[in-house]
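Subject: Structure handover

Hello,

Here is the structure we talked about. Please open it and keep it beside this email as you read.

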Amino acid sequence: MNMISQLLPFVFLIAIMYFVIIRPQQNEAKAKKAMLEALKKGDKVITNGGFIVIVHKVEENFVSVKMNDDTVAKITKESIAKKFEDEA
C-alpha cells in the first residue's frame, strides 16, 4: 500500500503531461500531414521562410511554387508552414 501511494503522484503527472503536451502535438502533426497531402495546383501557401507563394506542381516529396509570374522554385513539402487564407 505504501508503494502505491508513493507512485500515484508520478502516474498522475505522466497522465497530465500526455494530455497537455504529447497528444496536442500528435493532433497538430496529423493535421499538417493531411494539409500537405491535400495540396493541389493553385493553392496559396506560406513557407517557413515567410514567402506567400502559389503551388505550381505537386510531386511526392517536393512542390514547385510560383513566386511571381517569372519565378518558379522547387521546395520540399516540409518547408510549407500552412495554407494562406485570404481575409479580403
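Which residues does Asp-43 touch, not counting residues up to four places away in sequence? They are Ala-38, Val-53, Ile-54, Val-55 and Lys-83. Please note that this is a predicted model.

More on Asp-43. Look for this residue in the loop between α1 and β1 (44–47). Asp-43 counts as buried because its relative accessible area is 10%, and buried means under 20%. The side chain of Asp-43 also reaches a backbone atom: the nitrogen of Lys-40, at 3.0 Å.

Next, the core. The largest nonpolar core has 10 residues. Among them are Met-35, Leu-36, Leu-39 and Val-45. Val-53, Val-55, Val-63 and Val-65 belong to this core too, as do Ile-75 and Ile-80. Three elements give two or more residues to the core: α1 (2–37), β2 (52–58) and β3 (62–66).

Val-55 is a good residue to click on. Leave aside its neighbours within four places in sequence, and Val-55 is in contact with Leu-39, Val-45, Val-63 and Val-65, among others. Its contacts also include Lys-40, Lys-41, Gly-42, Asp-43 and Ser-64.

Now the strands. β2 and β3 pair in the antiparallel sense, over four bridges. A hairpin of three residues joins β2 to β3. One bridge to find: Lys-57 has Ser-64 in β3 as its partner.

β3 also pairs with β4 (residues 72–76). These two strands run antiparallel, and five bridges join them. β3 and β4 form a hairpin as well, with five residues between them. Here, Phe-62 has Thr-76 in β4 as its bridge partner.

Phe-62 has a second feature. The charged end of Lys-74 sits over the ring of Phe-62, 5.2 Å from the ring centre.

Last, the aromatics. The structure holds one aromatic pair. Tyr-18 and Phe-19 form this pair, and the geometry is edge-to-face. Their centres are 5.1 Å apart, with 80° between the planes. Are these two residues buried or exposed? Tyr-18 counts as partly exposed because its relative accessibility is 34%. Phe-19 counts as exposed, at 52% relative accessibility.

If you have little time, start with Asp-43 in its loop. Then go to Val-55, which contacts Asp-43 and belongs to the largest nonpolar core. Finish with Phe-62, for the bridge to Thr-76 and the charged end of Lys-74 over the ring.

Best wishes

Methods:
Residues numbered from 1 in each chain as written. Predicted model: local features only at pLDDT ≥ 70, side-chain atom pairs only at ≥ 80, totals over all residues. Heavy atoms only, no water. Phe/Tyr/Trp six-rings, centres within 6.5 Å; stacked < 30°, edge-to-face > 60°. Buried < 20%, exposed > 50% of the residue type's maximum accessible area, 1.4 Å probe, protein only. Lys NZ or Arg CZ within 6 Å of the ring centre and 35° of its normal. Core = buried A, V, L, I, M, F, W, Y, C linked by side-chain atoms within 4.5 Å. Contact = heavy atoms within 4.5 Å. Pairing = 2+ DSSP bridges. Polar contact = N/O pair within 3.5 Å; in protein donor to acceptor, adjacent residues only side chain to side chain.
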